[in-house]
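Colleague: I am new to reading structures, and I would like to learn how salt bridges and pockets are recognised. Could we go through one model together, slowly?

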Amino acid sequence: DEEGPATDGTVAVVEALANMQRETGIAAIDYCVIGEPSSKDHLGDQIRVGRRGSLNAKLTVHGVQGHVAYPELVSNPIHGLSRLIAALTAVDWDQGEDNAYFPPTSFQVSNIHAGTGATNVVPGDANCLCNWRFSTSTDQGRIQDMTAQLIETLGIEASIDWNLSGEPFLTEQGALTDAAVAVIAEETGATCALSTGGGTSDGRFIAKLGCQLIELGPINRSIHKIDESVRIADLAPLKNCYLGLIRRLIA
């Protein structure tokens, strides 16, 4: 259930495998290939070797409700929220660190809600839903600490409900990536790029086992769209890529 709350499915399997590793001292998984739709324009032109982390927050700025004609009697939370969003947007979350594998950490607002519905009333609260997609150059704690510092600096009264939906992970070049690049070239003729783009995947759970992990699958052009689909002509070559990986890695 990677697309939902992610409490069962892969999470439960990974917990069982982690317990097995602790009991036996032997790695449960050496290599993992996830069939996520990783390809961009044609089969095999791209594989995922990692994913960014995803941190969600519901920010609520608290003010004092009242009549707009009496500004001295109100504290407008919408004004405070707008200043906070502007400040969060301007932050260098990675603090200048360059990362060869990941783009800079990004902050985005997805929803904003405030107001009583009346044009002459300042509301008591304003809230927004926002998300950070973060690289291995930062972490959840740093983002939360920097956000708290900004709120204090701006003199805003606010509360935050945090939800971490995934940690970043990365498989650096090694046996699995080398084998994938080779078999893709043999089967499709494609020069394969190594990418960490896109959203989250089950890889964020499986990577905790310490295995080498990639995502190799069909073209993702229609992902989450109406009539989501894959090209039938890609199925046999993709199967051959998986088979070629197995032969190379267990030889």
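Modeller: We shall take the salt bridges first and then turn to the largest pocket. This is a predicted model, in which local features need pLDDT of at least 70 and side-chain atom pairs count only at pLDDT 80 or more, whereas totals for chains, interfaces and linings use all residues. Residues are numbered from 1 along each chain as its sequence is written, and side-chain values use heavy atoms, with hydrogens and water left out.

Colleague: How many salt bridges does the structure hold?

Modeller: A salt bridge is a side-chain nitrogen of Lys or Arg within 4 Å of a carboxyl oxygen of Asp or Glu, and the structure holds six. One of them joins Arg51 to Glu215, with 2.5 Å between the closest N and O atoms. This pair links distant parts of the chain, 164 residues apart, with Arg51 in strand 3 (residues 50–51) and Glu215 in strand 12 (residues 212–215). Strands (E, at least two residues) and helices (H or I, at least four) are DSSP runs, numbered from the N terminus.

Colleague: Are Arg51 and Glu215 buried or exposed?

Modeller: Buried means under 20% relative accessible area, exposed over 50%, and partly exposed in between, with a 1.4 Å probe and protein chains only. Both Arg51 and Glu215 are buried, and together with Glu36 they are linked in a network of salt bridges.

Colleague: Why does Glu186 count as exposed?

Modeller: Glu186 counts as exposed because its relative accessibility is 59%. Glu186 forms a salt bridge with Arg248, the closest N and O atoms being 2.6 Å apart, and Arg248, at 41%, is partly exposed.

Colleague: What is the volume of the largest pocket?

Modeller: The general idea is that rolling a probe the size of a water molecule over the atoms shows where empty space is left. On a 1 Å grid over the protein atoms alone, a pocket is an open set of points where a 1.4 Å probe fits, with protein on both sides within 12 Å along at least five of seven lines, and lining residues have an atom within 4 Å of a point. Grid points are joined across faces, edges and corners, and a volume is the space filled by probe spheres set on the points. Here the largest pocket has a volume of about 510 Å³. Of its 28 lining residues, those closest to the centre are Glu2, Ser165, Gly199, Thr200 and Arg204.

Colleague: Which element gives the largest share of that lining?

Modeller: Strand 9 does, with four residues.
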